[in-house]
Every structure is written in structure tokens, then in C-alpha cells.
Amino acid sequence: MNSEKTKKCKYCKSEIPADARICPQCRKKLKGGKLKWIFLLLVIFVIIGAASGGKKNPSSSKTPKSEASSSEKTEVTPITYLSVSVDDMVKELEDNALNASDRYKDAYLEITGKLSNIDSSGKYINLDPVNSDFSIYGVQCYLSDDAQRNAISNMKKGDTVTLKGQCTRVGEVLGYSLDIDEIE
């Protein structure tokens, strides 16, 4: 009994010795299957390496920043509001818009003014100077929650209102914008 291992020729389908490099029947060269698999694995590793090699590790480049932000979260500093009237803000804007922007943009303000508009959708209100019957400029104040909407729903145009919030925009055409933190 022949204990020699055999395989089939992929070309002529004859039984040939397993270690044959050339088929004895059709004389075609037989390629080894191992080399094909090694090449395929190499190509896969190259593709994976190229895809991940160009990306920077975001956590390593932001480590100092994330450490700083985590310490900032634990140390909450109270907000100090600058108390100012809408009259003063409008006068400063009319006198010099650049200086008004430097002073008020991104500042936390406690402002007092005359309620001149209540948006029907409950997204914002407008405050004008108290001591003026007509003003081109004012402060557009954005409401952030239902409690603020409820407080405004009990007011009417012409009421004097004091708000706390952050000034987000200063412009010589549209005036000021304020994100409301609280209504007093």
C-alpha cells in the first residue's frame, strides 16, 4: 500500500505527489499556496497600517488641555455681573462702537431697561433705554428656559426689567445681544 500523500493537479486534475512542483502528467508548474496567503496577509497589514498611521492620537495631543479643563470643572468661580443700564450701553454704542464692543462683548452684565418687544414664540425680548421714547439701538435678550418665559408672560411692553446674562454680540447696526441667566 502506497502511503505517499497526494494532491490533485489544478490544471489536469490528475493525482500527483503532494510535494510535486511540476505536474508529471501535464508538465505545468504548480505554484505553492502558502506564498499567496503570505502576500495577502502582508497587503492587509499594509492597508491597516496606512489607514491608522496617518492619524494622530487625539488624547495625547490634548492631555494638558483636558487636565486643565477637569480642574476647572471642580473649581467653580462665581460669576460677577457688571451692573449697567441700557441707557448707558446705548449711549456708549452711539459714541464709539469699538469701545462699547471692547467693554461689553462676552461680559456678564446686570442690565436694566424698558421692555419694548416680547417675541410671540417666546425666544427673545428687547430692552430699550428707560429714558428714551424712541431708540434705534437696544438689547435683544434670548430666553433660555420655561421659567424665564413664564416670568416674561406676566409682563407687558413698557415695564422696566432687570436681567442678568452674558453679552454675546455688540454691533453698531443691531445693538447688543444678551443670553439671559436670570430675570429679576
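**Group meeting: a walk through a predicted model**

Let's start with one residue, Asp 106, which is partly exposed, at a relative accessible area of 45%. It sits in the loop between H5 and strand E4, residues 108-118. Asp 106 isn't a glycine, and yet its phi is positive, about 70°. Most residues other than glycine have a negative phi, which is my reason for pausing on this one. And keep in mind that what you're looking at is a predicted model.

So what comes just before that loop? Helix H5 covers residues 97-104, and Asn 96 caps its N-terminal end. The cap is a side-chain oxygen of Asn 96 lying 3.0 Å from the backbone nitrogen of Leu 98. After H5 comes Asp 106 with that positive phi.

There's another residue of this kind to show you. Arg 27 has a phi near 65°, again positive in a residue other than glycine. You'll find Arg 27 in the loop between strand E2, residues 15-17, and H1. Is Arg 27 buried or exposed? It counts as exposed, because its relative accessibility is 62% and the cut-off for exposed is over 50%.

OK, let me zoom out for a moment. The protein has 184 residues, and 27% of them count as buried. It has 6 helices and 8 strands, and if you read from the N terminus, the order goes β-β-α-α-α-β-α-α-β-β-β-α-β-β. Take the contacts between residues at least 6 apart in sequence: 50% of those join residues at least 24 apart. As for the outside, the protein exposes about 13,200 Å², with carbon and sulfur atoms supplying 54% of that.

Now have a look at helix H1, residues 33-53, where Leu 40 lies. Leu 40 is partly exposed, with a relative accessible area of 39%. Which residues join Leu 40 in a nonpolar patch on the surface? They are Trp 37, Leu 41, Ile 44, Phe 45 and Ile 48, and together with Leu 40 they have about 640 Å² of accessible area.

Last stop: Asp 128, in strand E5, residues 124-128. Here's a charged side chain that is buried yet has no salt bridge. Why no salt bridge? The nearest side chain of opposite charge, Lys 114, is 6.2 Å away, and a salt bridge has to be within 4 Å, so this pair doesn't qualify. What Asp 128 does have is a polar contact, side chain to side chain, with Ser 116 at 3.2 Å. Leaving aside residues up to four places away in sequence, the residues Asp 128 touches include Val 86, Gly 113, Tyr 137 and Gly 138.

That's my tour. Over to you!

Note on methods: Residues are numbered from 1 along each chain as its sequence is written. This is a predicted model: local features need pLDDT of at least 70, side-chain atom pairs count only at pLDDT 80 or more; totals for chains, interfaces and linings use all residues. Side-chain values use heavy atoms; hydrogens and water are left out. Helices (H or I, at least four residues) and strands (E, at least two) are DSSP runs, numbered from the N terminus. Buried means under 20% relative accessible area, exposed over 50%, partly exposed in between (1.4 Å probe, protein chains only). Lys and Arg count as positive and Asp and Glu as negative; His and the chain ends are not counted. A polar contact is a pair of N or O atoms within 3.5 Å; within protein, one must be able to donate a hydrogen and the other to accept it, and residues adjacent in sequence count only if both atoms are side-chain atoms. Contact means heavy atoms within 4.5 Å. Patches are made of residues with over 30% relative accessible area and no salt bridge: like charges are joined within 9 Å, nonpolar side chains (Val, Leu, Ile, Met, Phe, Trp, Tyr) within 5 Å. Accessible areas come from the Shrake-Rupley method with a 1.4 Å probe; for residues, only the protein chains shown count as cover.
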